[in-house]
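Good morning, colleagues. Please look at the sequence and the model on the screen while I go through a few of its features.

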Amino acid sequence: MRVGELLRKHGDPLLAFSLVGLGLAQVATNDDLVPSARLAGVSALAVLGAALSVRSRYPLLPLALLCLGPITESWIGDAGDSEVFGLIVLLSIYTAAAHTSGARAWIGGAITFVVASVALFTDRDGVYLGGVVFFGMLFGVPWVIGRAIRHRRLRETQLEREKAEAEAAIEEERARIARELHDVVAHAISVIVLQARGGRKLLDAEPEEARQALDAIERTASQALGEMRRLLGLLRESDEQLALAPEPTLSRLDDLAARVRDAGLPVEVAVEGMPVELPPGIDLSAYRIVQEALTNALKHAGPATARVTVRYGDGELDLEIADDGSGNGNGDGGGHGLTGIRERVAVFGGDVEAGAQPDGGFAIRARLPYVSER
């Protein structure tokens with residue numbers, strides 16, 4: 001066990017043992033003490049040492065025991081004049097200041113004031129200005145130092161917690177970017193593959209249609225490459241730049257639908273209700289859900305048309321992406337698309353349904369509740 005770890009785990013007992021050992025040595029070597037005073041000093045050191053060994057858990061206990069000083073002074077006698085007893089007094093005051101808060105701190109301060117007052121009024125030289133200053137500093141300085149150390153410790157703990165939260169947020173942000181990168185690549189490759197298939201079939205019979213397919217492949221690949229560069233660039237940016245980077249939103253839904261139409265799937269977009277400004281996370285997730293659903297339709301629906309419906313409700317956003325294709329499924333496939341949609345919806349406490357429609361085709365319905373930022 002390293003020294004630092006040893007002190008963190010057993011620092012209080014070790015400190016108490018050291019002080020008691022020094023005190024016992026002083027009492028044992030003091031030839032002026034009578035046997036009864038020597039026994040009283042040893043007993044007092046043992047009691048105070050036991051209290052100091054648990055001072056972090058019971059910070060007021062050593063200080064409370066010091067209040068018994070006037071009562072036991074005649075019993076302890078000259079043994080109480082040991083320098084170690086003075087150190088124990090200072091440590092007890094510091095402990096009460098450094099390890100208490102709220103009502104316990106007020107109690108500790110009151111006990112310190114009482115102990116200081118008793119020491120002042122029982123001083124052999126009586127009460128005078130020099131004594132007031134001396135005892136004020138003797139008992140006040142450890143208290144002030146203890147409170148300062150406590151505030152610094154609390155500040156360090158707060159900074160560590162904020163750092164841990166920031167690191168967790170960064171990790172979460174990078175995981176989100178990784179999911180988005182998967183969505184972008186999957187969508188773009190699906191479009192490119194479908195366009196390549198169609199273009200190959202039309203290459204000889206309808207060269208103009210084949211050229212349009214190649215143009216769509218070029219546009220899709222260029223857009224996907226730009227999006228990938230943006231996302232990968234975010235991973236290299238500083239945290240501040242990461243937070244300021246632009247992201248896809250429902251305002252770009254028409255552009256997404258246009259790309260899917262170019263890929264061969266006619267898409268109609270409908271908006272119901274009064275559009276409102278959505279929280280950024282909801283806005284981004286809604287876009288990605290629609291993108292993933294249309295990508296699934298491109299892959300599995302076959303010759304079909306699709307309809308995207310965005311409904312703005314009171315505190316919730318409803319999405320419905322339906323196609324009338326011949327693809328069959330219930331949404332439980334082994335791909336990552338529907339799994340990613342469910343994860344995005346679950347983050348916001350919403351729900352999602354995916355499955356075949358009674359009249360044919362496939363539909364994905366997602367509900368995203370939110371608190372309006374207006």
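Let me begin with a term: a residue is called buried under 20% relative accessible area, exposed over 50% and partly exposed in between, with a 1.4 Å probe and protein chains only. The model is predicted, so local features need pLDDT of at least 70 and side-chain atom pairs count only at pLDDT 80 or more, whereas totals for chains, interfaces and linings use all residues. Residues are numbered from 1 along each chain as its sequence is written, and side-chain values use heavy atoms, with hydrogens and water left out.

I turn to the aromatic residues. A pair of aromatic rings is described by the distance of the centres and the angle of the planes. Here, rings of Phe, Tyr and Trp (its six-membered ring) pair if their centres lie within 6.5 Å; planes under 30 degrees apart are stacked, over 60 edge-to-face, and the rest tilted. The search of the whole structure yields two aromatic pairs. In one, Phe134 and Phe135 have ring centres 5.1 Å apart and planes at 75°, which means an edge-to-face pair. In the other, Phe135 and Phe139 are stacked, at 6.3 Å centre to centre and 25° between the planes. Ring pairs thereby link Phe134, Phe135 and Phe139 into a cluster.

Which of these residues are buried, and which partly exposed? Phe134 is partly exposed because its relative accessible area is 49%. Phe135, at 12%, is buried, and so is Phe139, at 6%. Phe135 and Phe139 both belong to helix α7 (residues 129-202), four residues apart, about one turn of the helix. Helices (H or I, at least four residues) and strands (E, at least two) are DSSP runs, numbered from the N terminus.

Next, the sheet. Strands pair if DSSP finds at least two bridges between them. Five strands form an open sheet with mixed pairing, in the order β1-β2-β3-β5-β4. Its edge strands are β1 and β4 (351-356), each pairing on one side only. Axes are lines fitted to C-alpha atoms, for helices over the stretch in contact, and angles run from 0 to 180 degrees between N-to-C directions. With direction ignored, neighbouring strands of this sheet are turned by 10° against each other on average.

Two pairings deserve a closer look. Strand β1 (residues 267-272) and strand β2 (residues 306-312) are parallel over six bridges, and Val269 stands opposite Val308 in β2. Strand β3 (residues 316-323) and strand β5 (residues 362-369) run antiparallel, joined by eight bridges; Ala322 has Ala363 in β5 as its bridge partner.

Which helices pack on the sheet? Taking contact as heavy atoms within 4.5 Å, helix α10 (residues 253-262) touches β1 and β2, and its direction makes about 160° with that of β1. Helix α11 touches β1, β2, β3 and β5, at about 10° to the direction of β3.

How is the β-α-β unit of β1, helix α11 (residues 280-300) and β2 handed, left or right? A crossover is right-handed if, with the strands pointing away from the viewer, the path from the first strand over the helix to the second runs clockwise. This unit is left-handed.

I close with Ser285, which is located in helix α11. Ser285 is buried because its relative accessibility is 6%. Not counting residues up to four places away in sequence, Ser285 touches Arg344 and Phe348.
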